[in-house]
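Here are my notes on the structure you asked about, written as numbered points. Keep the 3D view open while you read, and click on each residue as it comes up.

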Amino acid sequence: MGSLFRSEEVCLAQLFLQSASAYSCVSELGERGLLEFRDLNPKVSAFQRRFVGEVRRCEEMEKTFTFLQQELRDAGRVLAPCPDNPRAPLAREALRVQEQSEQLAQELREVSRNRASLRGRLQDLRQYLHVLREGRRFTSLPASLGSPPRSRALSEREPLLDPSLHQHLDRKINFVAGVIHPWRVSAFERLLWRACRGYLVASFVEMPEPMEDPATGESITWVIFVISYWGEQIGQKIRKISDCFHCHVYPYPESEATREDTMSGLHSQIQDLSVVLEETEQYLAQVLDKVVLALPTWRVQVQKMKAIYLILNQCSFDVTEKCLIAEVWCPVRDLTQVQDALRQGSYKSGSSVECFVQRIPTSESPPTLIRTNKFTAGFQSIVDAYGVASYQEVNPAPYAIITFPFIFAIMFGDVGHGLLMFLFALWMVIYEDRPSLRQASNEIWLTFFEGRYLILLMGAFSIYTGFIYNECFSKATVIFPSAWSVAAMANHSSWSSDYLATHPFLTLDPNVTGVFQGPYPFGIDPIWSLATNHLNFLNSFKMKMSVVLGIVHMGFGVVLGIFNHVHFRQWHRLVLEFLPEMIFLLALFGYLVFLIFFKWIKFTAANSLVAPSILIHFIDMFLFTSNVDNLPLYQGQVPVQTALVVLALASVPVLLLGTPLHLWRRQRSLRSSPATHSDPAEIFMHQAIHTIEYCLGCVSNTASYLRLWALSLAHAQLSEVLWTMVMRNGFVRLSYVGGVVLVPVFAAFAVLTVAILLVMEGLSAFLHALRLHWVEFQNKFYVGAGYKLCPFTFTPDPWE
């Protein structure tokens, strides 16, 4: 957590790795995830590097693993993640993994091929058996030739056999039998009729049970056909047509006895093949069990091994080619761990020469390293989305842990809505270790889950601001008794019966004794929820609150710039940038905050009618005038305001010219080279842009914080409309049946509350809070022009 406020110190270092122990040392460094390696061979192609053969061997093993995984997927097996974290294998272990994986792959290929062959042969035998069984109905009696039980003809008006051919029935009858896909039956029958009309009798019947199509794998109810024909030429035509339609044609014995013997033989063959297929399936299951046990570990090991060789390809060799040299970015506090990792790697490799690390000077800007945990990671991600912090720049994340949920809650203040959000986030936090939550495939869910602690704080802060606004699902709660007394008003005022009868709305006068008994203990008095001027009151309150919080937030951002100036020893920026920036902000908008608080303190209910307008005073301040109709808040207000405007305007040229003139003078004193004479011009342009942006931004950014007022009122009004249009009807307009109808009414209210007020309004408030932090807050001190330190690691989150 120490580096959360500022990125850690990172140095450039060289690793000197003895060739025999380089693999083990890099493996040990990858397990610890400490260093970011730099490529020392940027102009060398991947095919010309030293360890390209080892990388290819890893890729070949990955191809084998892909085949094994595909076989598991085809068998309906699910490959579980690796239960442990195996280390990268040594050379001998890698050879063993390669041999065993290739052996398993070869066994799977052979067993799968044998199983497919056995299945095809078994299906072929079963189809043949069905053909003989069903064909027996058509060929067992001679009469069946003329009128087969399920013969099919394309035309009901013309017979399939011409009557003139009856004289040829004494000739020898031949048969063609087989199975055909049901989609091809009609076209097959039509072509037979056209090509061989009068010389065949075709019978078709569906197979009693569906079978698998070996080409597509789908279950199909094949159609059996038995065709009797006369003449060898007709038989050749029938066989050619059958081949064209991809029919499975089987030998069909002529005599009944031969068919019975064939069926008996088919029965025995089917039984034998079924036994062999069952044994093959069992052996295949055993091979797949071996793959399920070994593949997760092998895959992790080979991935690590490949990553190590890719890192070694980024190293360079010394002149003796016995030592590898690597350049790395390393956190300074981890240098001792790096040396320990190199020592451990050398020891495991059995090398007598120890590897070591050495810091080297550099003028490059190091990468940024900010260590986070599961709580701070979500807030750091919000900052990094704007831009990664420059090296050792002040990090806005620790301050956003408080300000972001609070600014969100100002726009989302409701006890009920905040409680629902808090409970949802609390459920994710309690069950955060469940794999089903962490490994979900839905991107929206993963976004919510990664920001669970952010949502938790947003819900908690919304509950707090909900109590401040005294709103729970748009209804006020009476925690403490109201500070306003209607009885005192009735007893000590001129309210008469006629007055009460003619005035549907009554005004409580705080100047009457006993009517107003002092401020409400916490938040807004619940009696305001019944007042007709409730919205006017909240408008004034929330608008002033937004301005005050916005100016405080921006001022805090300017103050944070001090830590950058001090850390980088830019002392001139304290006087020439920070001081004029604070003078400009406080002289104008800080004074506006002073006016708001001063008016709250000075004017009470007794003299509130003569209270002047702060907005008119603020406008007159810039015009250097005064308004007779708008009374001053204090004596000498006009001279004070004039002095503040002059002071703010005087700070602008200091902010614009101070830094460029200082740097130009310093360059002259150092007698800089002519090549650097253009620098002051560039600095002046940069400073001019910064000055314009800051001065105009103070105005526009202050107005931008009014979105807190607008969205807070919008959320409250939308919640009230939802209550009035839905729940109130269930209580008021439904009479005695309201209790029955209240169930669906409440269901509709709950769904609309979650969908509109929690999800849509919550997302809107989140985006506006994000904008206020990125634009209005962070641009006062944060550059965000850095890049992250990306360590070589085998673990997904090395800094958590």
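**Notes on the model**

1. Let's start with H130, which is buried, with a relative accessible area of 8%. Buried here means under 20%, so H130 makes the cut. You'll find H130 in helix α3, which covers residues 91-139. If you skip the neighbours within four places in sequence, H130 is in contact with G135, M207, P208, E209, M211 and I224.

2. Before you go further, remember that this is a predicted model. How confident is the predictor along the chain? The mean pLDDT of the chain is 87, and 92% of its residues reach 70 or more. Among the elements, helix α9 (residues 397-411) has the highest mean pLDDT, at 96. Helix α15 (residues 497-502) has the lowest, at 79.

3. Two stretches deserve a careful eye. Over residues 141-169 the pLDDT stays under 50, and the model has 42 contacts for them beyond four places in sequence. Residues 672-678 are also below 50, and that stretch has three contacts in the model beyond near neighbours in sequence.

4. Now for the largest pocket, which holds about 2000 Å³ of space. Its lining is made of 40 residues, and the closest to the pocket centre are W484, P510, F516, W528 and F537. What kinds of residue make up the lining? They divide into 27 nonpolar, nine polar and four charged.

5. Two helices to colour while you look at that pocket are α16 (534-567) and α17 (571-602), since each supplies at least two residues of the lining. The largest share comes from α16, with four residues.

6. Helix α17 turns up again in the largest nonpolar core, where it gives the most, 12 residues. That core has 75 residues, and those with the most contacts inside it are F404 and Y694. Which residues does Y694 touch? Leaving out neighbours within four places in sequence, Y694 is in contact with V558, E581, M582, F584, L585, L655 and K780. There is also a second, separate core of 53 residues, and among its members are C58, L295, I311 and C355.

7. Have a look at E8, in the segment before β1 (10-18). Is E8 buried or exposed? E8 is buried, because its relative accessible area is 7% and the cut-off for buried is under 20%. Not counting residues within four places in sequence, the contacts of E8 are S3, P331, R333, L369, R371, Y391 and Q392. For a sense of distance, E8 and L129 are 121 residues apart in sequence and 79 Å apart in space, C-alpha to C-alpha.

8. S351 is a closer call. Its relative accessible area is 19%, so S351 still counts as buried, as the limit is under 20%. S351 sits in the loop between α7 (335-349) and β11 (356-360). Beyond residues up to four places away in sequence, S351 touches Q18, S21 and S346. Try drawing a line from S351 to K63: these two are 288 residues apart in sequence and 33 Å apart in space, C-alpha to C-alpha.

9. S497 lies in helix α15. S497 counts as exposed because its relative accessibility is 62%, and exposed means over 50%. The C-alpha atoms of S497 and V699 are separated by 53 Å, with their positions 202 residues apart along the chain.

10. Finally, check two backbone angles. R569 has a phi near 55°, a positive value in a residue other than glycine. R569 is found in the loop between α16 and α17, and it is exposed, with a relative accessible area of 63%. F624 is not a glycine either, and its phi is positive at about 60°. F624 lies in the loop between α18 (614-623) and α19 (637-669). Where does F624 fall on the scale from buried to exposed? F624 is partly exposed, because its relative accessible area is 40%, and the partly exposed class lies in between under 20% and over 50%.

Terms used:
Residues are numbered from 1 along each chain as its sequence is written. This is a predicted model: local features need pLDDT of at least 70, side-chain atom pairs count only at pLDDT 80 or more; totals for chains, interfaces and linings use all residues. Side-chain values use heavy atoms; hydrogens and water are left out. On a 1 Å grid over the protein atoms alone, a cavity is a set of points where a 1.4 Å probe fits but cannot get out, and a pocket is an open set with protein on both sides within 12 Å along at least five of seven lines; lining residues have an atom within 4 Å of a point. Grid points are joined across faces, edges and corners, and a volume is the space filled by probe spheres set on the points. Ala, Val, Leu, Ile, Met, Phe, Trp, Tyr, Cys and Pro count as nonpolar, Asp, Glu, Lys and Arg as charged, and the others, Gly among them, as polar. A nonpolar core is a set of buried Ala, Val, Leu, Ile, Met, Phe, Trp, Tyr and Cys residues joined through side-chain atoms within 4.5 Å. Buried means under 20% relative accessible area, exposed over 50%, partly exposed in between (1.4 Å probe, protein chains only). Contact means heavy atoms within 4.5 Å. pLDDT is the predictor's confidence in each residue, from 0 to 100.
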